[in-house]
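This report concerns the nonpolar cores and one helix packing in a single molecular model. Please consult the sequence and the structure shown below while reading.

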Amino acid sequence: LEDNGALRELAARPGVTDWLQFKTMLAEELLVAYRAAIDTDKELIAMAFPPPWSQLSGIPYRKLDGVCSSVQTKLYTMHWPTMLRFYGDAILEANPGLSSEKLLRFILRLLDIADDAGLPNYEDYAYPGPDEAHPCGVEAQARKIRQAQTEAGSVPVVAAAHSYGPLDDVRARLRAAWEGSSAGVWVNRYCYIADEKLDIIREETAQ
């Protein structure tokens, strides 16, 4: 939480720190149990959303050494605007009269998903269609991969770049993943990949 002032303020509220520590304990114990249950010659690869979602979900990036051989950090950027709206709609419902535009600026800063001021209107954020660019900054994506690697220490962080979306957006996302990760890229999902996207993967990873 040290890199996010809003999360630090949240954690300072009574019971929140205990709740976050409990979630981290559960996630760690689950991964340790998985590691103990599988054959020693098999790899255990965790999958997680990047910070700050990882800090709220409990995925223990800092405690994966000796448990997981690597962790895939998901750049599933079609989900990010949907999660923004999920949080925002709940907050607006609980706080009548709150400005949705001021809330948008706060959530964008909290989640760190934009390279600039983001889209102008709260209602602009929604699950993008297959031909719509995802409203997430490429620099923000690279920052999240680097932050995840910093937290994971010696455990390699593989950037998981999603193949959903128009060609230019897929290329930008893949480039951010490839440049942000020192451990490679996992591309998800094959059903969205046509020849043009296979060409993009080959071109971007050859650089």
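## Nonpolar cores and helix packing

In this predicted model, the largest nonpolar core has 23 residues, of which Trp53, Trp80, Leu84, Leu104, Leu108, Leu111 and Ile113 touch the most other members. Two or more residues of this core come from each of helix H4 (80-94), helix H5 (100-111), strand S3 (157-162) and H7. The greatest contribution to this core is that of H5, with six residues.

Leucine 111, one of the residues that touch the most other core members, is in contact with Pro52, Trp53, Leu84, Tyr87 and Lys144, when its neighbours within four places in sequence are left aside. Another core, of 14 residues, lies apart from the largest one; among its members are Ile59, Tyr61, Val71 and Ala148. In soluble globular proteins, nonpolar side chains tend to be buried together.

Helix H7, which gives residues to the largest core, also packs against helix H8, at an angle of about 30° and with the two axes 10 Å apart. Angles under 35 degrees count as roughly parallel, and H7 and H8 are therefore roughly parallel to each other. Their crossing is right-handed. The residues that meet are set out by helix below.

| Helix | Residues in the helix | Residues that meet the other helix |
|---|---|---|
| H7 | 167-180 | Leu167, Val170, Arg171, Leu174, Arg175, Trp178 |
| H8 | 195-205 | Glu196, Lys197, Ile200, Ile201, Glu203, Glu204, Thr205 |

By class, this contact of H7 with H8 comprises six nonpolar, one polar and six charged residues.

Definitions and conventions:
Residues numbered from 1 in each chain as written. Predicted model: local features only at pLDDT ≥ 70, side-chain atom pairs only at ≥ 80, totals over all residues. Heavy atoms only, no water. Axes fitted to C-alpha atoms, helices over the stretch in contact; angles between N-to-C directions. Helix = DSSP H or I, 4+ residues; strand = E, 2+ residues; numbered from the N terminus. Parallel < 35°, antiparallel > 145°, perpendicular 65-115°, else oblique. Left-handed = near helix turned anticlockwise from the far one by under 90°. Contact = heavy atoms within 4.5 Å. Nonpolar A, V, L, I, M, F, W, Y, C, P; charged D, E, K, R; others polar. Core = buried A, V, L, I, M, F, W, Y, C linked by side-chain atoms within 4.5 Å. Buried < 20%, exposed > 50% of the residue type's maximum accessible area, 1.4 Å probe, protein only.
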